[in-house]
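Here is a short report on one protein model. Look through the sequence and the 3D view, then read on.

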Amino acid sequence: MFIFLQKNRELFLRFSKFLAIGGSALLLDISLYYILTRYFSVTYLLSRSISLGVAIFWNFYLNRIWTFAAQKDLVLPQFGRFLIVIGSTSLLNLFCMHVGVSVLGINDLVVILCISVLLTLINFIAHSFWSYAIKQV
């Protein structure tokens with residue numbers, strides 16, 4: 001394990017940064033979701049859509065400048081790739097949210113945490129190899 005980490009130090013560091021930013025985005029996401037559902041009585045799927053949207057912009061900006069240091073690429077094409085990845089996993093997120101809460105009767109906050117853990121690796125791989133991949137000229 002130690003040899004693997006030594007050889008893949010850059011990947012491990014990038015994944016650590018990704019987790020830190022993802023954690024902050026998740027905290028923002030859950031906080032906003034909680035406020036919307038508990039204090040403003042917004043339905044859980046609409047609240048989830050709004051909180052995910054805010055977290056997506058937070059996530060893109062911080063990952064672009066810190067995790068992947070990908071400022072050399074034009075921001076709009078990069079953001080487009082990012083949105084395709086995050087949009088796909090967000091739709092999966094909302095579907096799982098519906099199944100978890102409405103079908104299985106699981107607490108909404110528990111469902112959010114479980115889904116977030118499951119989708120983290122998928123997002124990291126897709127963003128590493130496509131969203132923030134620096135084009136070779």
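## A walk through the model

F12 lies in helix α2. This is a predicted model. How buried or exposed is F12? F12 has 46% relative accessibility, so it counts as partly exposed. That label fits because partly exposed covers the range between buried, under 20%, and exposed, over 50%. Now compare F12 with A70. Along the sequence, 58 residues separate F12 and A70. In space, their C-alpha atoms are 17 Å apart.

**The overall build**

How many helices and strands does the protein chain have? The count is five helices and zero strands. Read from the N terminus, the order of elements is α-α-α-α-α. Along the principal axes, the C-alpha atoms fill a box of roughly 50 × 40 × 20 Å. The protein chain has 137 residues, and 34% of them count as buried.

**Salt bridges**

Next come the charged pairs. Searching the whole structure gives three salt bridges. The table lists each pair with its N to O distance.

| Acidic residue | Basic residue | Closest N and O atoms |
|---|---|---|
| E10 | R14 | 3.0 Å |
| D29 | R48 | 2.6 Å |
| D108 | R38 | 3.0 Å |

Start with the salt bridge between E10 and R14. Why are these two residues about one helical turn apart? E10 and R14 are both in helix α2, and they sit about one helical turn apart because four residues separate them. E10 has 56% relative accessibility, so it counts as exposed. R14 has 24% relative accessibility, so it counts as partly exposed.

The second salt bridge joins the side chains of D29 and R48. This pair links distant parts of the chain. D29 belongs to helix α2 and R48 to helix α3, with their positions 19 residues apart in the numbering. Are D29 and R48 buried or exposed? Both D29 and R48 are buried.

The third salt bridge is formed by D108 and R38. Again, distant parts of the chain are linked. D108 is in helix α5, R38 is in helix α2, and they are 70 residues apart. D108 has a relative accessible area of 12%, so it is buried. R38 has a relative accessible area of 36%, so it is partly exposed.

**A nonpolar patch on the surface**

Turn to the surface. Which residues form a nonpolar patch there? They are L28, L46, I50, V54 and W58. Together they have about 400 Å² of accessible area. Helix α3, residues 44–67, gives the most to this patch, with four residues. L46 is found in helix α3. L46 has 45% relative accessibility, so it counts as partly exposed.

**The largest pocket**

What is the volume of the largest pocket? The volume is about 410 Å³. The pocket is lined by 24 residues, and those closest to its centre are G22, N59, S116, T120 and N123. Which elements give two or more residues to the lining? These are α2 (9–39), α3, α4 (75–103) and α5 (108–131). Sorted by class, the lining has 11 nonpolar, 11 polar and two charged residues.

**Two more residues to find**

First, look for C114. Its place is in helix α5. C114 has 45% relative accessibility, so it counts as partly exposed. C114 and F18 are 96 residues apart along the chain. Their C-alpha atoms are separated by 18 Å.

Then find S41. This residue is in the loop between α2 and α3. What is the phi of S41? S41 has a positive phi of about 55°, although it is not a glycine. Is S41 buried or exposed? With 64% relative accessibility, S41 counts as exposed. The reason is the cut-off: exposed means over 50%.

**Back to the helices**

Now trace helix α2 once more. F12 lies in helix α2. Helix α2 also holds E10 and R14, four residues apart. D29 in helix α2 pairs with R48 in helix α3. R38 in helix α2 pairs with D108 in helix α5. Helix α2 is also among the elements that give two or more residues to the lining of the largest pocket.

Note on methods
Residues numbered from 1 in each chain as written. Predicted model: local features only at pLDDT ≥ 70, side-chain atom pairs only at ≥ 80, totals over all residues. Heavy atoms only, no water. Patch = residues over 30% accessible without salt bridge, like charges linked within 9 Å, V, L, I, M, F, W, Y side chains within 5 Å. Areas by Shrake-Rupley, 256 points an atom, 1.4 Å probe, with all protein chains shown as cover. Salt bridge = Lys/Arg side-chain N within 4 Å of Asp/Glu carboxyl O. Buried < 20%, exposed > 50% of the residue type's maximum accessible area, 1.4 Å probe, protein only. 1 Å grid on protein atoms, 1.4 Å probe; cavity = no way out; pocket = protein on both sides within 12 Å on 5 of 7 lines; lining within 4 Å. Points joined across faces, edges and corners; volume = space filled by probe spheres on them. Nonpolar A, V, L, I, M, F, W, Y, C, P; charged D, E, K, R; others polar.
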